[in-house]
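Me: I would like to learn how to read a binding site and a chain interface. Could you walk me through a case?

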Amino acid sequence: MTQPSTPVRDADPATAPPTNLTSDPRGSHPSETTAISMRSLNGWYGSNQVLHALDLEIAAKQVCSFIGPSGCGKSTLLRWINRMNDTIPSARASGTLSLHGIDLLDRTLDVVDLRRRVGMVFQKPNPFPKSIFDNVAFGPRLHRTYSPTDLEELIEQSLRASALWNEVKDRLDSSALGLSGGQQQRLCIARAIAIGPEVLLMDEPCSALDPRSTASIEELIRELRATYTIIIVTHNMQQASRVSDTTAFFYEGRLIESGATDVLFTNPKNRQTEDYVTGRFG
Amino acid sequence: MAAGVISTSRRMLSNRVFLWSCLAATMIAILLLSVLMVSIAIEGWSSISWRFLDSFASRKPAQAGIKAPLLGSLWVCAICGLAAIPMGIGTAIYLEEFAKRSRLKRFIQLNISNLSGVPSIVYGILALAAFVRFFGLACADEPWTLGDPESLFFIQFPFGPSVLAGGLTLALVILPIMIIASQEAFRAVPPSLRQGALALGSTPWQVVRLVTLPAAMPTIMTGAILAMSRAIGEAAPLLVIGGFLLVFQTPTNLMSDFTVLPLQIFNWAGRPQADFHKLAAAAIIVQLVVLISFNSVAIIIRQKLQRPLQS
Amino acid sequence: MTALAARSAAEIANRGTPHSALIRRWSEGSIKFALLSMTLLSVVTTIAIVGVLAGEAWGFFSMADQPDISLWSFVTGLEWSPLLGARPAFGVLPLVAGTLLVTAIAGCFALPIGLLTAVYLSEYASSRTRTILKGVLEILAGVPTVVYGFFALTFITPYLLQPLSSGFGTYNAMSAGIAVGIMILPIVCSLSEDALRAVPQSLRDGAYALGSTKFDVSAKVVVPAGLSGVIAAFLLALTRAIGETMIVALAAGGLAQLTANPAEQVQTMTAYMVQIFLGDAPAAGVEYKSSYAVAFTLFLITFVLTWSGAIILKRYREEYD
Ligand SMILES: Nc1ncnc2c1ncn2[C@@H]1O[C@H](COP(=O)(O)OP(=O)(O)O)[C@@H](O)[C@H]1O
Ligand SMILES: [Mg+2]
């Protein structure tokens, strides 16, 4: 499913060097800090090409925002990074996409192991109809990458890391469906953290939430970036500028511009980017 | 303007007439059920007694009872459930959670919906060939036996017209119903739960075992109980495989002879004497009580366990 | 503090050794294989049904001591008298006609009532009434068919039909047909109701906005829009009626005759099979084997009906997907 039958590349930008998204001021070698890199990445659903020759490097332990109008392929790109696209029979990709040097488009890649290393948070909170504890313990119990005596501590630390511990510590055994929307989304973050991933993918994590919950999740993302490489898809320009170190702007399946967030928002090189970030088209 | 007014009142009239015919049709359904229940209750009530439940069949109506068919029904239904429910759920899991969209899947799906339309008596013919006679591969007069005929674990090949054959026959009849009900239960589980579990690195089977199966279980159990209540009322396929015996013992193992309540009802109802009709009505009352308790369990499960899957 | 917790969570989460990928793949593969085998059982069942029926029917048509029997005489013969007289006749048409007569009576009774009830349930009834009525229908659906047979024999014939006309005998097509109609009523109702409720609310709203009455909306918008689903429901119900056994075995009689008179007794295909399997016909005898040819005919008829029902249903599902 995941390997292209014929690798198709777009002709023009394929030879251009990839944009370096590392905004580290000391300018260390990109190879040391790059977590995810893609070169002439194309993606299809059936015969419909939705990703066109993407070249991008995403730095480790930083927050990167994907912005762009609906349908421009942001979610599709995320779903290639943890291979959730395997569940869609018509999805194909070509080019290269790698995580710390591992080829993510390899047909024989162990996706279970990949998804343990790349956590994902969805647009709509999707806690399981189980207790709060069981939700967070779900991943660790699958993988047994913790030592069993540590489970309770792991749950506590994960819930602390998602800033939910104080609100739920007295009712870990009650159903997760009783939490508010914002709490549910933080629970989903805790659930992803508990499997010990390197990368966290967040697909519009705040779009179903009220402003207060949104603020607490933004706060959380800033705290988590010391530990994880985070990619967040957002439609909210303020949010992108508040939480992210680097930003990539997509339009109709192409990467239009990328770079340090403050530069991209204040001094975009590209006309389309400028129109988009200033809200002239949506 | 005037023309418009007239046509409006005529439309209102047809509106009325239509509502009344809908109501009348609905009333007929309720009326039928009441007449059915009342007529059977009147006919059979006097014959219901502990002695009736605890005696075997008899030539004399006053001494006849339903001990053998009642226990036979229980045995056959238990075997049927043990065979059909796991098979039905397993098939539904494969089709809904594992199979890719392919021609094979469409073919299997069409095949299952066709099987659900096959008359139950035809399943009886299949079961007669397959379970009772093993397609003639083994000699029915001198079956191969395994174990002591008195013990609970006695088995013989071919099965002959035994409770095991009866249970498996009914399992064939309800398997398509069971599969379709379970498939619908799986389809009703929100895809976001599956996505969440997959994104945490679950294998497809782990997704099923930990997320979709528990979420679908209440609906599956409701479907299973409805399927079982179909099985407990089936007579035709069992009649074909030869379960229609005057049985004077309750089953002791899988190879025992058996009869079931619907067959006993058929037997009594088909006789000309009014006394036997009374017995048939009494047996129907017992059968309906069993059925209604089945259905109540289904309703309770539906209400108690159908918690929301997503807030 | 959050950052600290995140670091320690990450550390704890990676402290152990993960399960072996090899074992995981192997067990995943064997589970998938087991589930696939269960699924294929349904295909095997179909093949076995066709195999057994076709094989035994072939045995019937090629019996050496019965040179009169041929597929042609079976399909076109107007007389079915396997047990009577010196020269048994095996023309299946009287059995088919008996089946169709009972089914037609059942259809005339159940289809209009069922559809009107479905309209009431989906368009008029309050949700409380709906719940109660659906409960009634569910009970009707759960009543064993042998009970309806008993009802036909001991209530419909003596208390409803015989007072109307003295032409009705103890066994007649009419009472069996009505009982079969009662049996399929819940199927017609609940499946048609599903089809009607699947019609999008926007269609109804559009019609109301144009000043339609509830009758206009139901009869001219909702039912036509859900028509393929309703037809599929009818077909499935009729299939059940054709295959129904216990009611006709009890109430329709045992005389295979070509008649359209509902007051007369008829024998259906299923009732003939019951007669043979209940009786002591020798397994090698021609009567016994003839029942397989009848069963095969029954199977083919119901197969065609279910198949068309499934195709129509599939089309209507696609309409709103
Ligand atoms: N499962 C799918 N099958 C076919 N096409 C899809 C599927 N998911 C998304 N698409 C198409 O791919 C394009 C990109 O979608 P998506 O990645 O979801 O955009 P975004 O997240 O940026 O809004 C859209 O045109 C969408 O219609
Ligand atoms: Mg998206």
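**Reading the site and the interface**

Reply: Happy to. Let us begin with the shell: ligand 1 is surrounded by A:Tyr45, A:Val50, A:Ser70, A:Gly71, A:Cys72, A:Gly73, A:Lys74, A:Ser75, A:Thr76 and A:Ile88. Keep in mind that this is a predicted model.

Me: Which helix gives the most to the shell around ligand 1?

Reply: Helix 2 of chain A, residues 74-81, does, with 3 residues. By class, the shell has 4 nonpolar, 5 polar and 1 charged residues.

Me: Which residues have polar atoms placed by an oxygen atom of ligand 1?

Reply: Look at backbone and side chain in turn. A polar backbone atom of A:Gly71 is 2.6 Å from a ligand 1 oxygen, and for a backbone N or O atom of A:Gly73 the distance to an oxygen of the ligand is 3.1 Å. From A:Thr76 it is a polar side-chain atom, at 2.5 Å from an oxygen of ligand 1. As for cover, ligand 1 on its own has 560 Å² of accessible area, and the protein covers 61% of that.

Me: Now the interface of chain C and chain B: how many residues does each chain bring to the contact?

Reply: Chain C brings 72 residues and chain B brings 76. About 6700 Å² is buried between these two chains, with 80% given by carbon and sulfur atoms.

Me: And how many salt bridges and polar contacts are found across it?

Reply: The rule finds 0 salt bridges between chain C and chain B, but 5 residue pairs in polar contact, both partners at pLDDT 80 or more. On the chain C side, helix 2 (residues 21-61) supplies the largest share, 18 residues. That side divides into 48 nonpolar, 17 polar and 7 charged residues.

Terms used. Residues numbered from 1 in each chain as written. Chains lettered and ligands numbered in written order. Predicted model: local features only at pLDDT ≥ 70, side-chain atom pairs only at ≥ 80, totals over all residues. Heavy atoms only, no water. Contact = heavy atoms within 4.5 Å. Buried area = accessible area lost by both parts, 1.4 Å probe. Salt bridge = Lys/Arg side-chain N within 4 Å of Asp/Glu carboxyl O. Polar contact = N/O pair within 3.5 Å; in protein donor to acceptor, adjacent residues only side chain to side chain. Helix = DSSP H or I, 4+ residues; strand = E, 2+ residues; numbered from the N terminus. Nonpolar A, V, L, I, M, F, W, Y, C, P; charged D, E, K, R; others polar. Near = heavy atom within 4 Å. Areas by Shrake-Rupley, 256 points an atom, 1.4 Å probe, with all protein chains shown as cover.
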